[in-house]
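Biologist: I would like to understand how the words used for a structure follow from its values. Could we go through them one by one?

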Amino acid sequence: QVHVVESGGGLVQAGDSLRLSCAASGRTFSSSTMAWFRQAPGKEREFVAAISWSGGNTDYTDSVKGRFTISRDNAKNTVYLRMNILKPEDTAVYYCAAGPRSLFYRDPRMSSGYDYWGQGTQVTVSS
């Protein structure tokens, strides 16, 4: 079992940067696929980025490619999402999710494949 807690959200201006952190507990963290999803008001939850268990592979939704970077430190049981050049359309609650090791190689963008979710952290980008 993996328990995840997000932090690092806040209110920023367009063009600013933020780094989200996801602290995880549980013996299986280092073998888990980890991902970030987000949900804007009135919209469905959407995939943002995912990282394989080793950190050697990543996947991003098109709208954040080149601006966001997902990384992990298995020694610290933490996953990060570095967000640069933030835009108002990035405003959302950001969720961290943990799934099985194999998920990354099947469909890391499928939210239903993730077993554990955090409570979310709010990111608000003003124009």
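Biologist: Before the details, what makes β9 and strand β10 (residues 116-117) a pair, and in which sense do they run?

Modeller: Two strands pair if DSSP finds at least two bridges between them, and because β9 and β10 are joined by two bridges, they meet that definition, running antiparallel. In β10, W117 is the bridge partner of A97. Strands here are DSSP runs (E, at least two residues), numbered from the N terminus. Please keep in mind that this is a predicted model, in which local features need pLDDT of at least 70 and side-chain atom pairs count only at pLDDT 80 or more, while totals for chains, interfaces and linings use all residues. Residues are numbered from 1 along each chain as its sequence is written, and side-chain values use heavy atoms, with hydrogens and water left out.

Biologist: Which other strands pair with β9, and over how many bridges?

Modeller: Strand β4 (residues 33-39) is joined to β9 by seven bridges in the antiparallel sense, and F37 has Y95 in β9 as its bridge partner. Strand β9 (residues 92-99) also pairs with β11 over three bridges, again antiparallel, with A92 bridged to V123 in β11.

Biologist: Why is D59 called buried?

Modeller: Buried means under 20% relative accessible area, exposed over 50%, and partly exposed in between, with a 1.4 Å probe and protein chains only; D59 has 17% relative accessibility, so it counts as buried. D59 is found in strand β6 (residues 58-60).

Biologist: What makes the link between the side chains of D59 and R109 a polar contact?

Modeller: A polar contact is a pair of N or O atoms within 3.5 Å, where, within protein, one must be able to donate a hydrogen and the other to accept it, and residues adjacent in sequence count only if both atoms are side-chain atoms. The side chains of D59 and R109 are joined at 2.8 Å, so the distance lies within that cut-off.

Biologist: Which residues of strand β11 (residues 121-126) lie on its covered face, and which on its uncovered one?

Modeller: The covered face holds T121, V123 and V125, and the uncovered face holds Q122, T124 and S126. In a regular strand the side chains alternate between the two faces of the sheet.

Notes. Helix = DSSP H or I, 4+ residues; strand = E, 2+ residues; numbered from the N terminus.
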